[in-house]
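Please follow the description below with the sequence and the three-dimensional view side by side. It proceeds from the sheets to the helices that pack on them, and then to single residues.

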Amino acid sequence: MAKLTKKQKEAASKIEKNKLYSLKDASALIKTVASAKFDESVDIAVRLGVDPRKANQMVRGVVALPHGTGKDVRVLALVTPDKEAEAKAAGADFVGLDDYLQKIKDGWTDVDVIITMPAVMGKLGPLGRILGPRGLMPNPKTGTVTMEVGKAVQEVKAGKIDFKVDKTGIVHAGIGRISFDADKITENAHEIIQTLIKLKPTAAKGQYIKSIHISSTMSPAIPLDPKAV
């Protein structure tokens, strides 16, 4: 097991052992625990009482964080020429179609979100092996395959994120930056937790929200009391 650095030990000492924090307290504590010289991201990890191997227990959705992620999201709009102006006006970083499809085939994936139209999805199918593992494949369920391209771009830029439970039953998501006020971290975390609760599969039995932790890029995780969120 790797030894903790002096900073890591100091950070860990601020988190009480065996204590479950309220969301409000954890959001304030994370700001005192973080010690990096850069603006660390704040992440949430929610362990769910589901079996992701079963289709009727898969949890996936989207949420608009009230205060955004604090990250400059790079958006690629793969659209037909008649939609290019709309995508550019909404703030898409890259706009086009065939040229970008070729770039992706050549290995370029330097974007965070891809938004496209139903008519273009046929061309994206062959790129699934490149985009899928990186979580970049557009999906109608997450609002990234739509005719309302401008609206979709604006929502993503404003802080709309999509999430999906992994094979171990955990949902990971970025919910802000350490420079955010504690209240903003609290509100962003609360929004995604409430969204997950609404998405509880009917097939899921027993305790649904098993554990919740928030952490920053370089800090230890802070455990939350699932009943106090």
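An open sheet is built from four strands in the order 7-1-8-9, with antiparallel pairing. Helices (H or I, at least four residues) and strands (E, at least two) are DSSP runs, numbered from the N terminus, and two strands pair if DSSP finds at least two bridges between them. The model is a predicted one, in which local features need pLDDT of at least 70 and side-chain atom pairs count only at pLDDT 80 or more, whereas totals for chains, interfaces and linings use all residues. Residues are numbered from 1 along each chain as its sequence is written, and side-chain values use heavy atoms, with hydrogens and water left out.

The edges of the four-stranded sheet are strand 7 (170-177) and strand 9 (222-224), each of which pairs on one side only. Neighbouring strands of this sheet are turned against each other by 25 degrees on average, direction ignored. Axes here are lines fitted to C-alpha atoms, for helices over the stretch in contact, and angles run from 0 to 180 degrees between N-to-C directions.

At one edge, strand 1 and strand 7 pair in the antiparallel sense over seven bridges, and Val-42 stands opposite Gly-176 in strand 7. Strand 7 is mostly covered, with six of its eight residues buried; buried means under 20% relative accessible area, exposed over 50%, and partly exposed in between (1.4 Å probe, protein chains only). At the other edge, three bridges join strand 8 (residues 209-216) to strand 9 in an antiparallel arrangement, and Ile-212 stands opposite Leu-224 in strand 9.

Which strands does helix 8 lie across? Helix 8 (residues 182-198) lies across strand 1 (41-48), strand 7 and strand 8, and runs at about 155 degrees to strand 7. Contact means heavy atoms within 4.5 Å. Thr-195 has its place in helix 8 and is buried, with a relative accessible area of 15%. Leaving aside neighbours within four places in sequence, Thr-195 is in contact with Val-62, Val-63 and Phe-163.

Helix 8 also meets helix 2 (residues 23-33): the two axes come within 9 Å and cross at roughly 130 degrees. Helix 2 and helix 8 are therefore oblique to each other, given that angles under 35 degrees count as roughly parallel, over 145 as roughly antiparallel, 65 to 115 as roughly perpendicular and the rest as oblique. Their crossing is right-handed; a crossing is left-handed if the near helix is turned anticlockwise from the far one by less than a right angle, and right-handed if clockwise. Helix 2 contributes Leu-23, Lys-24, Ser-27, Ala-28, Ile-30 and Lys-31 to the contact, and helix 8 contributes Ala-182, Ile-185, Thr-186, Ala-189, His-190 and Ile-193. These residues divide into seven nonpolar, three polar and two charged, where Ala, Val, Leu, Ile, Met, Phe, Trp, Tyr, Cys and Pro count as nonpolar, Asp, Glu, Lys and Arg as charged, and the others, Gly among them, as polar.

A further open sheet consists of three strands in the order 4-3-5, with parallel pairing. Strand 4 (94-96) and strand 5 (113-116) stand at its edges with a single partner strand each, so one side of each is left without a neighbour in the sheet. The twist averages 15 degrees from one strand to the next. Strand 3 (residues 75-78) and strand 4 pair in the parallel sense over three bridges, and the bridge partner of Ala-77 in strand 4 is Val-95. Helix 4 (residues 98-105) packs on this sheet, touching strand 3, strand 4 and strand 5, and its direction makes about 120 degrees with that of strand 3.

A second helix pair is formed by helix 3 (residues 81-90) and helix 7 (residues 149-158), whose axes come within 8 Å and cross at roughly 20 degrees. That angle makes helix 3 roughly parallel to helix 7, and helix 3 passes helix 7 in a right-handed crossing. Lys-83, Glu-86, Ala-87 and Ala-90 in helix 3 meet Val-149, Gly-150, Val-153 and Gln-154 in helix 7. The residues of this contact divide into four nonpolar, two polar and two charged. Lys-88 also lies in helix 3 and, at 51% relative accessibility, counts as exposed.

Finally, Asn-18 has its place in the loop between helix 1 (6-13) and helix 2. Asn-18 is exposed, with a relative accessible area of 83%. Its phi is near 65 degrees, a positive value in a residue other than glycine. Most residues other than glycine have a negative phi.
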